[in-house]
Amino acid sequence: MRYLALCTDYDGTLATDGRLLPDTIDALERLRASGRRLVLVTGRELDDLQKVCTRLDLFEYVVAENGALLYKPSTGEETPLAARPPDAFVALLRQRGVGPISVGRVIVATWEPHETTVLATIRDLGLELQVIFNKGAVMILPAGVNKATGLTQALEKMELSPHNAVGVGDAENDHALLALCECSAAVSNALPTLKSAADIVTTADHGAGVVELIEEMLRDDLASREPQLTRHHVLLGTNEHAVEIRIAPHGETVLVLGAKRAGKSVFATKLMNRLATQGYSFCVIDVEGDYGTIAKAVSLGSPSRPPTANEILKLLQGADKSAVVNLSGLSKSDRLAFLTALTPKLAELRARSGHPHWVVVDETEELPPLGDGESVLYVTERPTSVSHEVLHATNLVIALGSNAQALLDEFCQVRGLDRPETQVTTLRDGEALAWFPQTANAQPFRLNSATPQQDPAAAGGGSGVGKPGSERAARARTGSLH
């Protein structure tokens with residue numbers, strides 16, 4: 001499964017008139033039975049929530065008070081994630097006629113039209129507070145606290161990545177929640193601005209809309225929605241027309257071919273750096289010690305001290321942890337035994353937690369296929385160096401060096417495919433010959449892996465990827481861009 005957690009707002013989303021309906025409860029129970037996990041992310045105060053929601057036991061964590069309080073229903077443990085505004089602030093609000101006022105563990109809340117007085121009071125007292133709106137509610141919180149910051153804390157405790165989460169909401173204060181999650185959904189009764197920002201808008205409203213979303217998760221893990229989920233697609237480079245080429249961050253099998261010193265590890269490193277910038281984790285199986293520093297990755301092993309499987313798996317349990325596993329200190333026979341033991345454990349970790357999101361296999365003929373539907377980058381000199389299972393799973397071939405065309409021809413020969421027509425003759429430094437063999441009518445094209453100016457990795461930006469660029473990338477796959 002790709003999507004291992006559903007992170008849902010309560011009022012206006014999961015709840016109808018403040019209550020969970022039986023059909024909604026049934027869907028939540030079925031989602032849990034599938035092995036997925038539930039997080040409730042709400043602006044409500046915990047005491048109030050416990051009065052209206054009788055099934056908090058369905059949720060592994062509750063992020064209450066709009067991200068300011070973490071609650072674990074199974075143990076009753078409460079963890080404030082920020083400091084409450086000073087009592088003098090609340091007293092001055094009441095003195096100035098603001099009411100009703102509700103004070104939680106951290107949050108202070110009132111209603112419109114008191115936001116003007118609230119903002120003036122924050123200014124007059126010189127406090128570092130923010131105001132967040134929620135369909136008429138006015139919530140006052142410490143600066144920087146929102147549903148995304150609270151959910152991040154919950155997911156870290158669950159050892160899950162936001163890239164394996166679906167978020168669903170309905171109001172202004174749900175923007176941060178939806179932006180954090182890999183897939184964002186809005187129920188049909190949501191505010192127009194939230195629906196325009198979401199990847200998915202349900203047909204039904206409130207809890208019925210969440211049920212609709214759960215049914216899709218159970219049916220195909222949202223695979224049928226993939227054409228819409230381009231927000232996090234990863235930049236590979238540009239083609240000969242300067243059009244960005246992007247790939248999905250999940251379910252890709254990429255084969256990079258080239259002779260020694262053709263730039264294979266350089267290409268793989270660029271891709272891993274871009275993945276790291278977007279918050280994806282990876283594990284590089286580095287047989288020959290070719291990989292140096294990769295952003296946000298921990299190097300394990302050296303020519304004098306091979307790594308252990310336990311230290312690799314312990315590191316990778318963290319949802320945000322990446323590793324470069326240097327096996328150059330092992331002989332070929334010892335390496336085979338090591339990989340034979342590590343591979344099923346790594347596959348189990350990926351199946352259970354969804355990460356590491358990518359595995360890079362460099363010059364490792366011994367390693368068997370690493371699971372159906374997972375993202376794997378195989379780096380080798382020739383197509384005959386990997387298994388037939390890998391060749392048949394490959395949906396992107398990238399050939400580097402002066403013999404790139406010959407390598408692509410060899411791939412077609414061992415795969416039993418007709419040789420595609422190509423107008424690429426010679427490659428310049430930093431370029432490769434790329435082809436999507438599973439895309440109908442696709443033609444090989446020149447791929448420049450240099451970082452364009454608009455690449456988020458170059459700019460130090462986040463993971464947001466505009467849909468227009470992704471549409472161009474999709475058209476580039478079919479060879480229709482000329």
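1. In this predicted model, helix α3 (residues 87–95) lies across four strands, namely β6, β7, β8 and β9 (137–142). The helix runs at about 15 degrees to β7. A second helix, α4 (residues 115–125), also packs on the sheet and touches β7, β8 and β9. The direction of α4 makes about 165 degrees with that of β8.

2. The sheet beneath this description is open and has 4 strands, in the order β6-β7-β9-β8, with antiparallel pairing. Its edge strands are β6 (102–103) and β8 (129–134), each of which pairs on one side only. Strand β6 is joined to β7 (residues 108–111) in the antiparallel sense over 2 bridges. Within that pairing, Val-103 stands opposite Val-108 of β7.

3. Strand β16 (residues 282–286) deserves separate attention. It is largely enclosed by the rest of the structure, because 5 of its 5 residues are buried. Both faces of the strand are covered. On one side the buried residues are Phe-282, Val-284 and Asp-286, and on the other they are Cys-283 and Ile-285.

4. Which strands pair with β16 in the parallel sense? One is β19 (residues 358–362), which is joined to β16 over 5 bridges; here Val-284 stands opposite Val-360. Another is β18 (residues 322–326), with 4 bridges to β16; the bridge partner of Asp-286 in β18 is Asn-326.

5. The cysteines should be read with care. Why do Cys-7 and Cys-181 not form a bond? The sulfur of Cys-7 has its closest cysteine sulfur in Cys-181, at 4.5 Å, and this is too far for a bond. A disulfide is counted when the two sulfur atoms are within 2.5 Å, so the pair does not qualify at 4.5 Å. Viewed from the other residue, the closest cysteine sulfur to that of Cys-181 is in Cys-7. Cys-7 is buried, with a relative accessible area of 0%, and Cys-181 is likewise buried at 0% relative accessibility. By this rule, the count for the model comes to 0 disulfides.

6. Is Thr-394 buried or exposed? Thr-394 is buried, with a relative accessible area of 0%, although it lies in a loop, between α12 (388–393) and β21 (396–399). Leaving aside residues up to four places away in sequence, Thr-394 touches Thr-253, Leu-255, Phe-411, Pro-437 and Gln-438.

Technical notes: Residues are numbered from 1 along each chain as its sequence is written. This is a predicted model: local features need pLDDT of at least 70, side-chain atom pairs count only at pLDDT 80 or more; totals for chains, interfaces and linings use all residues. Side-chain values use heavy atoms; hydrogens and water are left out. Buried means under 20% relative accessible area, exposed over 50%, partly exposed in between (1.4 Å probe, protein chains only). Contact means heavy atoms within 4.5 Å. Two strands pair if DSSP finds at least two bridges between them. Axes are lines fitted to C-alpha atoms, for helices over the stretch in contact, and angles run from 0 to 180 degrees between N-to-C directions.
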